[in-house]
Amino acid sequence: MELLSMEARESGSGMDSPACVLELLGMLVYVGAWLCALACTILPQWLTMSTSLLPIESYDLGLWETCVVQDTGGMECRSYDSLLGLSSDLKLARILMCTALALGLLGFLVAIPGLHLINSCEHYSGRQTKRTLIITGGVLGMMSGVLCLVPVSYIAHLTVMHFFDTKVPDVVPRWEFGDALFCGWAAGFLFVVAGLTMVTSNRCSQVERDPVPQRRYRVKSMDHPLRKRPEYV
């Protein structure tokens, strides 16, 4: 009767548990990053401004519309009349944020078949295909993070430059940071973290899957009849 060592039996069952944890963590962060990027794109609070002349009203500037917010809680928004009339920074922010959302969604969908918990791609090129899908999803996530951070940081830079411009009189109201900018920074950071986590999980899986040579033990069968000892009188 032939038996295998306990290490050889248990190596196939739990060798991918750290990789699975990192993959699930990366996917959860991925979803949070994409939702933050979506909120940043939709919200009109990219920039906000309040004046001393009208203290009961404040103004919000977004990628798609401008809003007037009153202290009583009312809000009136109006979309931009023409795309050609937009400033270059708003056009750039629109393009980059939409591209970041598209790449983020694509990376999430690409990474799903590469998860260890998903039984797919096993009959084609096996584990190598799963590794490629996970790496591709992670790289797309990091690209989405960069594309999300660029327009948010650029708008913030222009806002700071205009706020501290000495050529503008102090009585002129200035735009300040809105809530959408902070959502954009959070989305970009989470996208990068999610991508790095997924790439790291693939590396951990690759290290763990390198098999350690196991020795096989052979146990002789004990079914043969026992020899009788001679008895002496």
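How many of the five residues of β3 are buried? In this predicted model, the count is four, so strand β3 is largely enclosed by the rest of the structure. That strand is a handy place to start, and the rest of the sheet can be built outwards from it.

First, the overall inventory. The protein chain has 233 residues, and 33% of them count as buried. Its secondary structure comes to five helices and seven strands. Read from the N terminus, the elements go β-α-α-β-β-β-β-α-α-β-α-β.

Now to the sheet. Five strands make it up, lined up as β5-β4-β3-β2-β6, with antiparallel pairing, and the sheet is open. The edges are taken by β5 (75-79) and β6, each with a single partner strand, so each has one side left without a neighbour in the sheet. On one flank of β3 (residues 57-61) sits β4 (residues 65-70), and the two antiparallel strands are joined by five bridges. Just three residues separate β3 from β4 in the hairpin that they form. Within this pair, Tyr59 has Val68 of β4 as its bridge partner.

On the other flank, β3 pairs with β2, again in the antiparallel sense, this time over four bridges. Here Leu47 is matched with Leu61 of β3, and Thr48 stands opposite Asp60. Strand β2 also reaches the edge strand β6 (residues 176-177), to which two bridges join it in an antiparallel run. Leu47 turns up once more at this second pairing, where it stands opposite Phe177 of β6.

What do the side chains of β2 do along residues 47-50? They alternate: Leu47 and Met49 are buried and point to one face, while Thr48 and Ser50 point to the other face and are not buried. This is the textbook pattern, since side chains in a regular strand alternate between the two faces of the sheet. Put together, Leu47 is a buried residue with a bridge partner in β3 and another residue facing it in β6.

The helices come next, and three of them pack against one another. Helix α2 (residues 17-42) has 26 residues, which at 1.5 Å a residue should span 38 Å; the C-alpha atoms at its ends are 38 Å apart, so expectation and model agree. Helix α3 passes the same kind of check: its 24 residues should span 34 Å, and its end C-alpha atoms are indeed 34 Å apart.

Both helices carry a good list of buried residues. In α2 the list runs Ala19, Cys20, Glu23, Gly26, Met27, Val29, Tyr30, Ala33, Ala37, Cys40 and Thr41. In α3 the buried set includes Asp89, Arg94, Leu96, Met97, Gly104 and Gly107. For reading such lists, it helps that an α-helix has 3.6 residues a turn, so residues three or four places apart point the same way.

How do the three helices sit relative to one another? Packed helices are described by the angle between their axes and the distance between those axes. For α2 and α3, the axes come within 10 Å and cross at roughly 160°. That makes α2 roughly antiparallel to α3, and their crossing is left-handed.

For α3 (residues 88-111) and α4 (residues 127-163), the angle is about 160° and the axes are 8 Å apart. These two helices are therefore roughly antiparallel as well. By class, the contact of α3 with α4 has 20 nonpolar residues, six polar ones and one charged one. The crossing of α3 and α4 is left-handed.

That leaves α2 and α4, which pack at an angle of about 30° with their axes 11 Å apart. The pair is therefore roughly parallel, as angles under 35 degrees are counted that way. Left-handed is again the sense of the crossing of α2 and α4.

One residue of α4 deserves a closer look. Gly137 lies in that helix and is buried, with a relative accessible area of 0%. In sequence, Gly137 and Gly195 are 58 residues apart, yet the C-alpha to C-alpha distance between them is 7.1 Å.

Key: Residues numbered from 1 in each chain as written. Predicted model: local features only at pLDDT ≥ 70, side-chain atom pairs only at ≥ 80, totals over all residues. Heavy atoms only, no water. Axes fitted to C-alpha atoms, helices over the stretch in contact; angles between N-to-C directions. Parallel < 35°, antiparallel > 145°, perpendicular 65-115°, else oblique. Left-handed = near helix turned anticlockwise from the far one by under 90°. Nonpolar A, V, L, I, M, F, W, Y, C, P; charged D, E, K, R; others polar. Buried < 20%, exposed > 50% of the residue type's maximum accessible area, 1.4 Å probe, protein only. Pairing = 2+ DSSP bridges. Expected span 1.5 Å × (residues − 1).
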